[in-house]
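Please look over the structure shown here. Some questions on its packing come after it.

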Amino acid sequence: MGGSSGIRAPAAIDQVAPSAAGDSAVIARSLAPPFPRGEEGASARPRPQPRVVFPPQPDRVAIVTGGTDGIGYSTAKHLARLGMHVILAGNNDRRSQEAVRRIQEETLNDKVEFLYCDLASMSSIWQFVGHFKAKNIPLHVLVNNAGVMMVPQRTTRDGFEEHFGLNYLGHFLLTNLLLDTLKESGSPGRCARVITVSSATHYVGELNMEDLQSSHSYSPHGAYAQSKLALVLFTYHLQRLLASSGSHVTANVVDPGVVNTDLYRHVFWGTGLVKKLLGWLLFKTPNEGARTSVYAAVAPELEGVGGCYLYNEKATKSLQTTYDEKLQRQLWARSCEMTGVLDVTQEGLLM
């Protein structure tokens, strides 16, 4: 991640080396040099990658937000196919129940279910966590996937700008409320994993700590990019806290690439026309877009590895600003204030 760890993210991964005593050390492991990442939508879709066969995941439990369609649906389906117990967190009962039915039929895995969760409502997130914990089951994988993209200016039920409130704050609160279960579920050599879906749009994002709600000058693209930038900063700081407390939990952020999903319905009409005419050439399919999320969730080579920005199943460098540990701490502290989460940054401990 950078800063006090002495590890530079472009050519290395932060790896937590668990021990019997529960101590963890951050070590570096060399990877292939990072490839250039352009602004989202600027280049044609990559060539198909060889199919990777992941090991079965029986007795593992995953939560996927936004699992009713697009990348989230494909992610949930692939995890279910590996034998995981998958819980879809969504805010549309009909579509979610239909997604559960389809995944069960396609994977022959009946351990797929739906729990209602509206990420634009903090009370709904608290209720979701309560319902999940009432099941008394572990949690090994949390995929923070749901989001909105370039919507008109509007607010969540709690009064936050929708991109920042749903894409970022909703997942910030959800992750923090589930951390105790994730920590209890992880073990040496078998860490629990938090996977957060960002976007190449974060490369052009700016974090305005004086106006996180974009109230003074609203731009759909700017608000979306800021929310995706915040998710990267959040992931890096979360990984630092997890590593410092010796937790058997890792946090990574993924970039799915340019994927043909319904997220583009609010984009400029000309972009929508190009999507319809050339989507097959320029855009990944949802299955292709989900590959890096699935990779981050189950790949053996990522065991104990956190603090990475993953694109096309490889670690690469995110925007330089994201390695600013002071900015990470500032955003974390402000997010705690907004969501009512205890800020443990000062103590260097994790709730």
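The questions below deal with a helix contact, a nonpolar core and a strand.

This is a predicted model, in which local features need pLDDT of at least 70, side-chain atom pairs count only at pLDDT 80 or more, and totals for chains, interfaces and linings use all residues. Residues are numbered from 1 along each chain as its sequence is written, and side-chain values use heavy atoms, with hydrogens and water left out.

Q: Are α4 and α8 roughly parallel or roughly perpendicular to each other?
A: Helices here are DSSP runs (H or I, at least four residues) and strands likewise (E, at least two), numbered from the N terminus. The axes, lines fitted to C-alpha atoms over the stretch in contact, with angles from 0 to 180 degrees between N-to-C directions, come within 10 Å and cross at roughly 85 degrees for α4 (residues 162–185) and α8 (residues 325–339). Angles of 65 to 115 degrees count as roughly perpendicular. α4 and α8 are therefore roughly perpendicular.

Q: Which helix gives the most to the largest nonpolar core?
A: A nonpolar core is a set of buried (under 20% relative accessible area, 1.4 Å probe, protein chains only) Ala, Val, Leu, Ile, Met, Phe, Trp, Tyr and Cys residues joined through side-chain atoms within 4.5 Å. The largest has 58 residues, and Tyr-168 is among those with the most contacts inside it. With 11 residues, the one that gives the most is α4.

Q: Which residue of β4 is the bridge partner of Ala-62?
A: β3 and β4 pair (at least two DSSP bridges) in the parallel sense over five bridges. Six of the six residues of β4 are buried. The bridge partner of Ala-62 in β4 is Val-86.

How values were computed
Angles under 35 degrees count as roughly parallel, over 145 as roughly antiparallel, 65 to 115 as roughly perpendicular and the rest as oblique. Buried means under 20% relative accessible area, exposed over 50%, partly exposed in between (1.4 Å probe, protein chains only).
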